[in-house]
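Please look at the model below with the places where its parts meet in mind. The report that follows takes up those meeting places in turn.

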Amino acid sequence: MTLKTWRELPIGCVVSEPGSASEYHTGSWRSQRPIWDNTKCIKCGICYVFCPEGCVQQGEDGFFMANMDYCKGCGICSHECWPRAIKMIEEG
Amino acid sequence: MGKRVGMEVAVAVAEAVGLCNIDMAAVYPITPQSHIAEHLSDLVADGKIDAEFVTVESEHSAMSAVIGASGTGARSYTATSSQGLMYMHELLPIASAMRLPITMAIANRAVSGPLNILNDHSDIMPQRDSGWISIFVENGQEAIDMSIIAFKIAEHKDVMLPVNINIDGFQLTHMVEPFEMPTQEEVNQFLPPFIPHATLHPARPVTMGAFAMSDYFTEIMKAKDEAIKNSKKVILKVWDEWGRLFGRNYKPVETYKTDDADILLLTMGSMGETAQMAIDELRVKGTKAGLVKLRLWRPFPFDELKAVVKNTKKLIVTDRAVSFGGPGGPVFSEIKSALYAETQRPLIYNYIYGLGGRDVTVKDFTGMFEKVLADTGNQAADTYEFWGVRE
Amino acid sequence: MNIVENFDLFAPRLINKQELLSSGHRACSGCAEVLAVRLMAKALGENTVIASATGCMEIVSSMFPTTAWQVPWVHVAFENAASVASGIEAGLKALRKKGKIDDRYIKVVGMGGDGATMDIGFQALSGAMERGHDMIYVCFDNEAYMNTGIQRSSGTPMGASTTTAPAGKVSMGQKTWKKNMPEIMVAHEIPYVATVCPSYPLDFIRKMEKAKSIKGPSYIHCFSVCPTGWRAPSQTAVSMGRMAVETGVFPLFEVENGHYRVSPDMPKKLKPIRDYFKPQGRFRHLTNEEIDPIQERVTIEYKKLMEKAKFL
């Protein structure tokens, strides 16, 4: 990302692009990642609700997955998943 | 052309602000500002102005609330004094960095301690570097005029900065003076509606006051510095326009009998009128004395000041605040540094006076002149003196 | 596991799909506070303007030149979120009345951490609530100054070790009881006060929506687990919040026009606080002798709350 000069700054440094933080990918922080076992998933959506990143999404098939661009690997989804459908595995 | 009225200056300031179609005001009581707050709330209570009047629990919250309101695009006003201004201090550079055109009256009063409710400039001087346009007025008429003008300057699309109007506490705020109050029609004609650069409204969600680290902080400071420097053009233009409409002309540096003067006195605020009498007395005695009144404190009017003092031999700068352990009063050190690069510059003398409401008479000014005239000039006045202090 | 049963039936259908706090924010991994903020934004919806205090949530969400916010949001300083919010409310009210903006109803929200709310911003909050502004103030309480490095606040619980009230040879850590902020807000006689925890998202969202529906000031106190500051594994952030509720350390209740109602999520019988303390590094140094009086206090406070809830 190129940095703006002082002349290019918006007046009052107002940020007028809502949600532009998504340009930054926090997925690089991750040391472990969640893996869904859809045979155990009951589609309750608890993983979606409890994700601090808001990066767990429901697919058209009703199953859930995390956007790895943002998933920080906190493990809350796995820890909270009642039917134990989400497993955390080490990255790399 | 306005109405000829006589009233207390603080009340008149509130009346003038009442003509400006403000949307919101948040004011906390403090002597000697309180009459502005009281009269503004009267105007709101009587339905004479259609605004939200927020009776905050502190000056810190007064400034916070006007920042919030200004962020929504509301024309927002506050007024304070002394400790209240010190309490707001944290927020002043934030308001200017966010480029919110808030206007504020300051009934200048000494800063504690010890507690002293009377007039000097020790409250505004610590706010010097907050990025606000800072204007001093000399009398009630100027206080009224600047209170209206401030909105137009602040909200100009090429400015978008907060403005403070400095009105000497008690010595000016509590005087009953005759003046011309512009009519509502005249103000409507002069003051366009406020068009904000961004607003806190869901129609177009923005983030204001974002967090910036070292990669952006320097650029943000530079942009703010350029903004306030550029504001001078607009200030001059708006003052010109006011002059055309109302016949009262304002300049960043006002002068009185300076053209042929060998020795000049520089004042800020309400002392100007007393100083003017001193000049007249000295002129009668044959001293080529003149007076410089600094109206615009920020952005500092370098060019105008240099032009005025260029041909004088001696310049007496008066200060109504102390920079403890520093190079002299804040106005003095500013003017000295402004003139440093000039090949032709006067000797500069600094007197700190009128602190905490200490009375200043014509005699005090003539006394300063006598002392400076007696100086052979070689001492070059590298220091400052507390005028009238009991040794 | 009644919460899971609820989810089985309702979630995520009952929850606003729209994310108003975008991914890419810089909160620590496993931050339950940012989870709470995300849920708050969902519950309040688009027609919201937020004034935030300085703190974790401010810096993680507004790294210039970007923002995670999709609702209007402003940060001014540490101690003044409530007064900035009151100014926003006044400004919008005036502009709406004068027809300068469209006529939609906008909810103004002030938010801050425990330090910003209970310590440095206490006066501004009290003033804003007393003046009766139509706004919600949400305190995201993670029980210490986490943004500056886990220093104690008046929200830090007795016995917790922080960087300015550390446990040592002659100290058990925090020596004072947690300030009872919800009760102080109740004493302001505002229309609505509630405690929430994102571990109970349906209760959380219902209370936010309730606050949103009230014309006048409301106060929400949100228990926000901080795995970093509490020295606990990140995946336990949600379960830890549940433990705080189940032990009575942080009871879920609401007070509407002076009437107390304890959340149905509260268990019949409280669990011992030891279960809650155990996984947290900040309490690890506590001896049984030190935990006992804390347990006693929690039990008494909970009984007091239940007594109040009897008078409807």
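Two strands are said to pair if DSSP finds at least two bridges between them. In this predicted model, β9(B) and strand β2 (residues 73–75) of chain C pair in the parallel sense over two bridges, and within β2(C) the bridge partner of Met208(B) is Val74(C).

That strand pairing belongs to a wider meeting of chains, for 40 residues of chain B are in contact with 41 residues of chain C. On the side of chain B that touches chain C, at least two residues each come from β2 (24–26), β3 (52–54), α3 (59–72) and β9 (207–208) of chain B, and α3(B) gives the most, with ten residues.

Chain B also has a meeting place within itself, since it is divided into domain 1 (3–246) and domain 2 (253–386), whose centres, taken over C-alpha atoms, are separated by 28 Å. Here 27 residues of domain 1 of chain B are in contact with 20 residues of domain 2 of chain B. The elements giving two or more residues to the domain 1 side are β6 (133–136), β7 (163–168) and α8 (214–246) of chain B, with α8(B) giving the most, five residues.

The table sets out the classes of residue on these two sides.

| Side | Nonpolar | Polar | Charged |
|---|---|---|---|
| Side of chain B that touches chain C | 22 nonpolar residues | 13 polar residues | five charged residues |
| Side of domain 1 of chain B that touches domain 2 of chain B | eleven nonpolar residues | ten polar residues | six charged residues |

Conventions
Residues numbered from 1 in each chain as written. Chains lettered and ligands numbered in written order. Predicted model: local features only at pLDDT ≥ 70, side-chain atom pairs only at ≥ 80, totals over all residues. Domains from an automatic or database assignment. Contact = placed C-beta atoms within 7 Å. Helix = DSSP H or I, 4+ residues; strand = E, 2+ residues; numbered from the N terminus. Nonpolar A, V, L, I, M, F, W, Y, C, P; charged D, E, K, R; others polar.
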